[in-house]
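Student: Pick one packing contact in this model and take me through it slowly. I'd like what's around it too, if that helps the picture.

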Amino acid sequence: MNALLKGYFLALKVLVVACLICITCLIFTNVVLRYGFNSGLFFSEEFSRLAFVWLVFAGAQLMLHENGHIGVDVLTSRVSPRMAKYMLAATQLLMLYVTWLFLDGSLKQTLINLHVGAPSTGISMALFYGAGLVFSVCSGVLLGVQLVRTLISAPPAQIAEPALAVEQGAVK
């Protein structure tokens, strides 16, 4: 199972890199063609937009997995480890709820745009909204696993304050 997860997140990293390369190549080629030859690739903008949408959602899922998102610990650093654990669980529940809302909206938009084609290429616009579906489902599972791990783990031990350690003779 662990190898499967590593493979999945490696595939997400490859997708992010592939999207960046695709965007860069398409935009550069289109600029050269427009300024150098008064021509252009009619599909460049739509494919770049599609690659950017998938890049953002894949990157967001990677950051969720790696806990690379911005965290503010002003409140949790001032409470007991047990309370910090409960606050983390509450935060994860809130994120699960928002992910559910995102899934609901993405599903509705995907179904609405299933037979709507993009203006220049005719590609189904559901591909744009499908990125939200994939993100919501995978992130919901990931958040659920993180919530279960948070709830079954023991709170970390309280770190002794330096002044208390000096009074006990630990630091001289």
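Tutor: A quick term before we start: a crossing is called left-handed if the near helix is turned anticlockwise from the far one by less than a right angle. Keep in mind that this is a predicted model. By that rule, α3 passes α4 in a left-handed crossing. Now for the geometry: helix α3 covers residues 81–112, and its axis lies 8 Å from that of α4, at an angle of about 160°. Since angles over 145 degrees count as roughly antiparallel, α3 is roughly antiparallel to α4. As for what sits in that contact, the split is 16 nonpolar residues, 13 polar and one charged.

Follow α4 (126–152) a bit further and you get to a pocket, the second largest, where α1 (2–37) and α2 (44–65) also give two or more residues to the lining. The biggest share there comes from α4, with six residues. The pocket holds about 350 Å³ of space. Its lining has 14 residues, and those nearest the centre are Leu5, Phe9, His65, Leu142 and Val145. By type, the lining divides into nine nonpolar residues, four polar and one charged.

Back on α3, there's an aromatic link worth a look. The structure has six aromatic pairs, and one of them is Phe57 with Phe102, a tilted pair at 5.7 Å centre to centre with 55° between the planes. Phe57 belongs to helix α2 and Phe102 to helix α3, so to speak a bridge between distant parts of the chain, 45 residues apart.

Conventions. Residues numbered from 1 in each chain as written. Predicted model: local features only at pLDDT ≥ 70, side-chain atom pairs only at ≥ 80, totals over all residues. Heavy atoms only, no water. 1 Å grid on protein atoms, 1.4 Å probe; cavity = no way out; pocket = protein on both sides within 12 Å on 5 of 7 lines; lining within 4 Å. Points joined across faces, edges and corners; volume = space filled by probe spheres on them. Helix = DSSP H or I, 4+ residues; strand = E, 2+ residues; numbered from the N terminus. Nonpolar A, V, L, I, M, F, W, Y, C, P; charged D, E, K, R; others polar. Axes fitted to C-alpha atoms, helices over the stretch in contact; angles between N-to-C directions. Parallel < 35°, antiparallel > 145°, perpendicular 65-115°, else oblique. Phe/Tyr/Trp six-rings, centres within 6.5 Å; stacked < 30°, edge-to-face > 60°.
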